[in-house]
Amino acid sequence: MALEKINQVNDIKNIPPEEYEILAAEIREFLVEKISQTGGHLASNLGVVELTMALHLCFDFPKDKVVWDVGHQSYTHKLLTGRKAGFDELRKYGGMSGFPKRKESDCDCFDTGHSSTSVSAGIGLVAARDLLGGDEHVISVIGDGALTGGMAYEALNNASRLKKNFIIVLNDNNMSIAENVGGMSEYLNGLRTNEAYTSFKTNLEHSLHKIPGGIHVANQLKKTKSGIKQLFIPGMLFENMGITYLGPVDGHDMEKLLDVFQKAKRVKGSVLVHILTKKGKGYAPAERHPARFHGAEPFEIETGVPKSKRKKANYQDVFSTCMVKLGQRNDKVVAITAAMPDGTGLKRFKNMYPDRFFDVGIAEEHAVTFAAGLAAGGARPIFAVYSSFLQRAYDQVLHDVCIQNLPVVFAIDRAGLVGSDGETHQGIFDLSYLSSIPNMQIMAPKNKWELSDMLKFAVEFEGPIALRYPRGEAYDGLKEFRRPIIYGKSEVIYEEEDIALLAVGSMVKTAEQVRKNLKAAGYSCTLVNGRFVKPIDTDVLDELAKEHKLLVTMEENVRSGGYGEKVRDYVQEKELPVKVLNIAIPDEYVEHGNVSLLYEEVGIDAESVTKRVIGKYITVK
Ligand SMILES: Cc1ncc(C[n+]2csc(CCOP(=O)(O)OP(=O)(O)O)c2C)c(N)n1
């Protein structure tokens, strides 16, 4: 048992080379077993087992530093740095994170979660090292998917200028979550698959080596800056930027990996090592369905089938159906995703209207400005994007869409707490970051029918408009309340007096339970579905203030800049004779864990809200 001998960082260096293969197999077995129980990122991790082992054999962690792009593929790194036991509590509340965390280990030098940041962070660490007189190696490991993100190019551009010793490892498995897309992906594909080229190059080199002086000619050709160098060295795109290219190398061949990393260490300046890996390697279901096993729920090892069966439709299914219908009705409707066609539910739209579907790669900033261009050209773009990933496109939303008041629909998925992915992925800021932007309108549906109605409304709307909905099961309660969507108007569901609950989106369901609790405790309680977070419905506030003593706003967003603040501001400004209690997520990052547990932790579950409402009401009545 080789894995048994690995208990802390650098233990791998005591493993004899003849056991590397055994160790890799045991690591894979360990990962499959643990992730089958906890869920987590499987396919990407299975692909980088040898790559990670080789890094740990060639470098000296924690002195040397490795930045994992996105960070979802860092499980073997965690295993090799003394965190084996952490896998029992992987992604659970209080347990080990599924991403690199500085606070978790000194071998994690930079926190990640969002894509395409590793080269920037790496070159920053390099610049700091050189300023402070250090001599450690800095390695950024970036996937071919992450290399579709603009930041990666900004960083490569900068790295080429800084001319500092820096190692970039390109982990090329020819996949993003789904199929990788775009010109860079094709370029890499050319490098990895061009057998004709490879054999031509080998033959040419052999022939040159046979003729007198040929070796010299071959060496000269490799040094020349001319295009002929391409015959000998692939990766000219990087070379021409001043970044040495090494590879491509089989990412499952330890000998070759060790050799190329030793070479990379000796290169002066920045070097990119191109490694070819197989996503899902070693576990047949993940090799067959790498996208499904990118982020897996707990599953049966023998079959790869998820352990829990989904009973109800989720919001993404509802969105998917609506998009197909909208596409049918209006041929100006186009759909955009930034590398998440499956997760967002756009796959059916893609299959039915391939000409009106755009996967732009992991490029949210570009996606937004691209949508702005489409809208300016007369199309009706709908950009389906996770709340946390839209964060990076703030300026594009403001500068390219909203200043020009262009009709772009933002379908904001995974809004609210997402659970096991943790801080980097919680969608709890969108109401705040969008609502300060003039011309932007924001809606949140209470249930699955309202998602459909809001989407129809949004496509007809003449300006930027966002609707946000959570991850997972779509709420199918309150079906009888399906009144038309009217701009800026909320929906009064139950009308009583004393306490009014004003909830938005997912919190309407919670508010229903809070109302039941309050009524059971003898309180009279109105329930309003806010519907619009921007603009807020001031008429309903004026009305509610007449018959109620306490308004309670409820949202699954941080408090700062959210729905509650807007209601409170209005009530204060108009000096309405009513008190306001804001229920929102505290202004803090929320770590990973089960969502219902997180609701309790941040105090937005029905029981905590009920207690706070009663406590507040006692002081105001
Ligand atoms: C800004 C941003 N957008 C989207 C994602 C979701 N996401 C996580 S991993 C991934 C694919 C990454 O592909 P690649 O870099 O090739 O790594 P692989 O999983 O194939 O090893 C995507 C799109 C993200 N993490 N960050």
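Reader: Which lysine lies over the face of Phe59, and how far from the ring centre?

Author: That's Lys265, which lies over the Phe59 face at 5.2 Å from the centre of the ring. Keep in mind that this is a predicted model.

Reader: OK, and what sits over the ring of Tyr353?

Author: The charged end of Arg356 does, 4.5 Å from the centre of the Tyr353 ring.

Reader: Now ring on ring. How many aromatic pairs does a search of the whole structure find?

Author: The search turns up 22 aromatic pairs. One to look at is Phe481 with Tyr494: the ring centres are 5.6 Å apart and the planes stand at 80 degrees, so this pair is edge-to-face.

Reader: Why edge-to-face rather than tilted?

Author: Because planes over 60 degrees apart count as edge-to-face, and the planes of Phe481 and Tyr494 are at 80 degrees.

Reader: Where are Phe481 and Tyr494 along the chain?

Author: Phe481 is in the loop between β11 (465–468) and β12 (491–494), while Tyr494 belongs to strand β12 itself. They are 13 residues apart, and the pair links distant parts of the chain.

Reader: Is Phe481 buried or exposed? And what about Tyr494?

Author: Phe481 counts as buried, at 12% relative accessibility. Tyr494 is partly exposed, with a relative accessible area of 27%.

Reader: Which residues do ring pairs link into a cluster?

Author: Phe457, Phe461, Tyr487 and Phe532 are joined into a cluster by ring pairs.

Reader: Back to β12. What's the strand order in its sheet?

Author: The order is β12-β14-β13-β16-β17, five strands in an open sheet with mixed pairing. β12 and β17 (579–585) are at the edges with a single partner strand each, so one side of each has no neighbour in the sheet. From one strand to the next, the twist averages 25 degrees.

Reader: How do β12 and β14 pair?

Author: In the antiparallel sense, over three bridges, with β14 covering residues 525–529. Tyr494, the one from the ring pair with Phe481, has Leu527 of β14 as its bridge partner.

Reader: Which helix lies across β12?

Author: Helix α21 (residues 507–520) lies across β12, and also across β13 (498–503), β14 and β16 (548–558). The helix runs at about 160 degrees to β13.

Reader: Switching strands: how many residues of β9 are buried?

Author: Five of its five, so to speak the whole of 409–413. On one side there are Val409, Ala411 and Asp413, and on the other Phe410 and Ile412, so both faces are covered.

Reader: What does β9 pair with, say β8?

Author: Strand β8 (residues 380–386) pairs with β9 in the parallel sense over five bridges, and Tyr386 has Asp413 as its bridge partner in β9. β9 also runs parallel to β11, and four bridges join them. There, Ala411 stands opposite Leu467.

Reader: New topic, cysteines. How many disulfides does a whole-structure search find?

Author: Zero. Take Cys109, which is in no disulfide: the nearest cysteine sulfur is that of Cys107, 9.5 Å away.

Reader: Is Cys109 buried or exposed? Same question for Cys402.

Author: Cys109 is buried, with a relative accessible area of 10%. Cys402 is buried too, at 1%.

Reader: Let's do backbone oddities. Which residues does a cis peptide bond join?

Author: Phe61 and Pro62 are joined by one, with omega at about 5 degrees. Pro62 is in the loop between α3 (49–58) and β1 (65–68). Another cis bond joins Lys534 and Pro535, where omega is about -5 degrees. Pro535 is placed in the loop between β15 (532–534) and α22 (538–547).

Reader: Why call those oddities?

Author: Because most peptide bonds are trans, and most residues other than glycine have a negative phi.

Reader: On phi, then: where is Arg91, and what is its value?

Author: Arg91 is in the loop between α4 (75–79) and α5 (118–132), and its phi is near 65 degrees, a positive value. Arg91 counts as buried, at 13% relative accessibility.

Reader: And what is the phi of Ser116?

Author: Near 70 degrees, also positive in a residue other than glycine. Ser116 lies in the loop between α4 and α5, and counts as buried at 1% relative accessibility.

Note on methods: Residues numbered from 1 in each chain as written. Predicted model: local features only at pLDDT ≥ 70, side-chain atom pairs only at ≥ 80, totals over all residues. Heavy atoms only, no water. Phe/Tyr/Trp six-rings, centres within 6.5 Å; stacked < 30°, edge-to-face > 60°. Helix = DSSP H or I, 4+ residues; strand = E, 2+ residues; numbered from the N terminus. Buried < 20%, exposed > 50% of the residue type's maximum accessible area, 1.4 Å probe, protein only. Lys NZ or Arg CZ within 6 Å of the ring centre and 35° of its normal. Pairing = 2+ DSSP bridges. Axes fitted to C-alpha atoms, helices over the stretch in contact; angles between N-to-C directions. Contact = heavy atoms within 4.5 Å. Disulfide = S-S within 2.5 Å.
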